[in-house]
Amino acid sequence: MTTLYLNVIAGGILIGIVYALIALGLTIIFGVMRIVNFAHGEMVVIGMYVGYGIWSVTKIPPWMIAPVAALALFMLGYALQRSIVNAFIERPQHAQFILFISFALIITGLHLVLFGPDSRPIDIIESMQSYSIGPLRLDVVRSQAALMALALITGLILFLRQSMLGRSIRAAADNLIGAQVIGIRIRNVYSVTAGIGMACAGAAGALVAPMFDTQPFLATDFTLIAFIIVIVGGLGSLTGALLGGVIIGLSEALAALVFSPALKTVFSYALLTIVLIWRPNGLFGEQSR
Amino acid sequence: MSKRIAVNRRQVLAAGAGVIGTGILPRGVRAHGAPVKIGVILYLSGVQAFMGQQTRKGNEFGGIYAKEAGGPPMEFIYGDAESKPENGRVVAERLIRDGCTLLIGTNDSGSTISVAQAAEAAKIPFLINIASAPQITEQGFTQIFRNFPPATTLVGNAVIRIKELGATTGIEPKTAVILHVNDTFGQGIMKGVDIVWEKVKVPIKIVERISYDVHARDLSVEVAKAKATGADLLMPITRVSDAILIIREMVKQNWSPMGIISPGSPGPYEKAFTDALGKYGDGYMSCVPWYNPTKAGAREIAVRFEKEMDGRFDLNAAFAFEAVQIAADAIKRANSNEPAAIHAALKTTDIKDHIIYGGPIRFNEKGQNPNIGVVMLQNQNGRPVVVSPADASEAKAVFPLVPFDKR
């Protein structure tokens, strides 16, 4: 029984790290621009199609494709921000909601037109393999995805702390007016931030593609999971997104084991409700500015 | 300056009746002699799109075959319920407004009930090709004709096949664990298994029942839980995508029970399953209604379907094919495109020569064909083959299962 619990906990942590990468994209966009990206799950699905497409042609392992998917989605996010979203920054929140919901519907519609409704599995030998470490059996695909996600998260944190552009992003998030006063080009910061947020979604998409067969209708699930994580962790908090991902991954796995697998999602929502009552700003969230 | 038009109560009622008469009644009723418009409601997109697309191929091939056999002119209009049960009614109402005088569908119990409500309201016959929830024929619908076994019958026959397996192979499993999808279909089959298991006195103890969400993308915990029971048999009640997830997890967790036997659910016999899993998909057994491969003509139809429609002639395709043959037979006998005439003809259906394993196609007072049999399939060399009963079998069952790590 201990082995069963250990395996389930390990599996929950591994998928939680990938969830954290998805949520990180959502939280960084909100933290800097105070915009909620309702099309975040759709960006993850674009990443899945990028992963599937590159794998189909090259047979490169999907975890290696993640940086390419991140780059593709960075460019898409940057272009979308510069061309459309920047114009909506000062507009009322409902206008922003409608804009992102439109993005979501358009992306899903395009996926349906381009690829059809069928699931597209990545059939690799690793999908059937696991690492044995003592009593632990770690899913190979999940382990590779979690390691790559962790590497990307570390890289992102280093970028935000060490680079000039990263510091500008943090400055804009901390004090928008102050950042403008010292000459930071805010529109440019917004575009880079949108690119980074969507790059996180794209990379995560490529990483989950071998686990969840790619199809257009997965987007809502990813958007919901990202929202649960960032609300539990605290909107705008990087630490919150990271730990929130692990907490949700772990709680879903344990809920399935201890109670009933059919209650996994219910358990996540219950956790969300408890956090909202107990700490409305999330576990690591700050008071709204 | 403007002239006031006085409208009295009778004029309003007359206009209302006119609107109802011309708007709700299908246009086909008024276009006598034209091809019969048949509305086909399926899940053509969404999570169950694969089954819907496969069913559509069966309907299309059925149309080609019926035409070649001198059937009446039929025009099929497809409606997509987008894998959402509640959409069935909306799509059916639209098809009825478009002039369809017969409905065929769906490939899911939830949407079938939803379509049946629309068919009942408009008095349009509804020929059910795939849906197993028992309540469909128990709600007093007068327009439905189901050529698919209800879950209770399906499970009853399936359990008998499972019980026979021990006797025919000489290997008696002692325990089983059920892993089932938590939706109308999964719950229906589960309840059926529980009832019949006791009734038939199967000497196998069901040690645990594990349910999972219909939209689950990860079944690692569910499989770990099932493995921990140490059961001899795994009895999955699935659809194709979750059946694939279960086998992948079993391979990863190195769990090879004595057998994997589905007591009546889709998944293992579908092309998507065998293509995705290759050698790991072999050995999986399922008890389902199926075409009789030993019957003259049935195998030829299956071979031709695979050649012309680029797909496997599986349960979905075979029942969709047969629904069209039933429709063609009824329309021919009715000699009309009037819904009432087609309904009357469907009620007196009596087709002895057909491809599905079982007796003649006839509908009882509830609209159910009670003569559909169940076979046991097993995937062998990447294809489903009938292994039981003897009068339909193509190969011998491989039991116990070859362990995954020995393949």
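**Reading a predicted two-chain model**

Colleague: Why is Val200(B) called partly exposed?

Modeller: Val200(B) has 13 other C-beta atoms within 10 Å. A residue is buried if 20 or more other C-beta atoms, placed from the backbone, lie within 10 Å of its own, exposed if 12 or fewer, and partly exposed in between. Val200(B) is therefore partly exposed. This is a predicted model, in which local features need pLDDT of at least 70 and side-chain atom pairs count only at pLDDT 80 or more, while totals for chains, interfaces and linings use all residues. Residues are numbered from 1 along each chain as its sequence is written, and chains are lettered from A and ligands numbered from 1 in the order in which they are written.

Colleague: Which residues does Val200(B) touch, not counting residues up to four places away in sequence?

Modeller: They are Val159(B), Ile160(B) and Lys163(B); contact requires C-beta atoms, placed from the backbone, within 7 Å.

Colleague: What makes the largest nonpolar core lie between two domains?

Modeller: A nonpolar core is a set of buried Ala, Val, Leu, Ile, Met, Phe, Trp, Tyr and Cys residues joined through C-beta atoms within 7 Å. The largest has 134 residues, and Ala318(B) is among those touching the most other members. Domain 1 (13-149 + 295-347) and domain 2 (152-288 + 375-406) of chain B, with bounds from an automatic or database assignment, both give residues to this core, so it lies between them.

Colleague: How many residues of each chain are in contact with the other?

Modeller: In chain A, 30 residues are in contact with 26 residues of chain B.

Definitions and conventions:
Contact = placed C-beta atoms within 7 Å.
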